[in-house]
Amino acid sequence: MTPHNPNFKLDVTSEIGTLRVLLVHSPDSGLGKVVPSKAQDWLFEDIVHLDTMRGGEYDHYIKLLMYFLDPTKIKGKLAEINDPANKRNFFKPDNADFHNSTKVVEIQTLLSDILQQADIRKKLVAAVCAIEGVTYRLQLQLIDINPVELAKIFISGSLNDEQMIFAPIPNMIFSRDIGIAINNHMLLNKPAKKARARETLLVRYIFFNHPLFEGYRDNILEIPDTVQHFLRPGEEQESKTTLEGGDVMMVAPNHLLIGWSERTSVSGANEAIKLLFENDVVEKVTIVKIPHKRDYMHIDTVFTQVKRNVWVLLRSLTPGEPSQEDAEPIAWFADKKNKDKPEIVQFRKGKKPKTFSTLEALLDNISQKDLQSGEPTRFIYSGNNEFPYDAREQWTDSCNLLALKEGVVLGYDRNDKTVEAFKQSGFSIVKVQELLQKFETDELDPQSMTDTLILMPSAELSRARGGFHCMSMPLQRDSVI
Ligand SMILES: NC(=[NH2+])NCCC[C@H](N)C(=O)O
């Protein structure tokens, strides 16, 4: 059972305030069962090597989070945690030596907690079996399985880690996409892809039933399907109401961004805005339309925030006027014929909508007006804005960084040119393995760190097509203004 955290508040008012509590999911055995023929359907670019992904990559993320959010769980114990004799038990939610942190909260633990209640267990077994097309006999069998084991089965798709009874949900490591905390509200997603449907169901049950969220039940926002959608013939995607968390960014207490993308439809964004305004959750919502293609997927694959006046982004998304001197004739027409051209429109309750001509103009407005940065806004570009590194590194999540506190962000070690751009912008660069040692030996204190990009190993994780922004669902951050 997840212990009680008396200081917990659902409270996220920015992308950069010191992170206090987040939801994560460590790679489960389901990821090791992705087969080449299904990889694309399951939204993976390749099959992954599970042991490397865990021990060589993701575990560092958990350790780092512990030093920042819940140091007593790790300080002085690093050697023991790393000892091969302990078989990674610190990271396994079903093990007695699991960290069981109330700050770095594992979704699987919350799931096994709610499955302790017989009525919830019955309902959730029925719901999962319905969406997965499981036989009635197997459904009855599942109801009697103990909650810890059942949570594991729901996530991995396999009984006793061997017999596959339904597909895994390998994208649950990208907890960002399942729901987004907006001030003290929780907006649940409505996934565009079938591969992500079970994650949504499980997390919906967690938010509505886990004691951790008891005080917030009335603040859970769910996006309904529209009547137009039920009545429209055919199955085409465009008319669906979908919204995924990677497209929702809480940039300031009064201001939310929603991407209109491959995953979030304009109808999804529309329904979300209505809910947010009706419930007085925010005053402004800006819709950022990006090209609807796999490379971009969600807005957090093309930009994220680093400090109140610093952003990392993909430059080529910005349609600028070509400069007079170097423009060939074609440059004057390329953007105009591009129907995928980004568009940015800001909606304010009871006021006229406002447009922004570039992403930079919007981000600068957020930095200066919403976050009252006294300093000029700076942009760090993917691949240091050099072709073809800009596109290559954006593909491996150079723009998808997670801020642990203002100015201290983590990203993949493979994006060399972007790392160079961070250096040029005055950031320190440090590898996670070295940093963990320094924390353990007291050579460095997480609280005193400023302007740093922490490099995380990424050979396997990046094949799953998401970075640390996607791998985090912040629930509590300190406020920045
Ligand atoms: N917020 C994000 N960018 N999430 C990335 C999700 C990656 C995942 N494989 C998918 O395609 O759904």
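In this predicted model, the side chains of Lys 190 and Asp 225 are joined by a polar contact of 3.1 Å. Lys 190 belongs to the loop that runs between β6 (185-188) and α8 (197-209), and its relative accessible area of 18% falls under the 20% cut-off, so Lys 190 counts as buried. Once residues up to four places away in sequence are set aside, Lys 190 touches Ile 223, Pro 224 and Asp 225, and also Thr 241, Thr 242 and Leu 243. Asp 225 therefore appears both among the residues that Lys 190 touches and as the partner in the polar contact between side chains.

A second buried position is found in helix α4, which covers residues 107-114 and includes Ile 114. The relative accessibility of Ile 114 is 0%, and for that reason Ile 114 counts as buried. When its neighbours within four places in sequence are left aside, Ile 114 is in contact with Ile 120 and Leu 124, as well as with Tyr 205, Ile 206, Asn 209 and His 210. Pro 168, by comparison, stands 54 residues from Ile 114 along the chain, and the C-alpha atoms of these two residues are separated by 20 Å.

Further along the chain, helix α12 is made up of twelve residues, 359-370, and the distance from its first C-alpha to its last is 15 Å, close to the 16 Å expected at 1.5 Å a residue. The buried residues in α12 are Leu 359, Glu 360, Leu 362, Leu 363, Asn 365, Ile 366, Ser 367 and Asp 370. Just after this helix, Gln 372 adopts a positive phi of about 50°.

The ligand can be approached through the residues around it. There are 15 of these, and the ones that come nearest are Leu 43, Asn 171, Asp 177, Arg 263 and Cys 470. Sorted by class, the shell around the ligand contains five nonpolar, four polar and six charged residues. Nitrogen atoms of the ligand lie at short range from both backbone and side-chain atoms within the cut-off for a polar contact, 3.5 Å: a polar backbone atom of Leu 43 is 2.7 Å from a ligand nitrogen atom, a polar backbone atom of Ala 464 is 2.8 Å from a nitrogen atom of the ligand, and a polar side-chain atom of His 298 lies 3.1 Å from a ligand nitrogen atom. Of the 350 Å² of accessible area that the ligand has on its own, the protein covers 100%.

Methods: Residues are numbered from 1 along each chain as its sequence is written. This is a predicted model: local features need pLDDT of at least 70, side-chain atom pairs count only at pLDDT 80 or more; totals for chains, interfaces and linings use all residues. Side-chain values use heavy atoms; hydrogens and water are left out. Helices (H or I, at least four residues) and strands (E, at least two) are DSSP runs, numbered from the N terminus. Buried means under 20% relative accessible area, exposed over 50%, partly exposed in between (1.4 Å probe, protein chains only). Contact means heavy atoms within 4.5 Å. A polar contact is a pair of N or O atoms within 3.5 Å; within protein, one must be able to donate a hydrogen and the other to accept it, and residues adjacent in sequence count only if both atoms are side-chain atoms. The expected span of a helix is 1.5 Å times one less than its number of residues. A residue is near a molecule or strand if one of its heavy atoms lies within 4 Å of it. Accessible areas come from the Shrake-Rupley method with a 1.4 Å probe; for residues, only the protein chains shown count as cover. Ala, Val, Leu, Ile, Met, Phe, Trp, Tyr, Cys and Pro count as nonpolar, Asp, Glu, Lys and Arg as charged, and the others, Gly among them, as polar.
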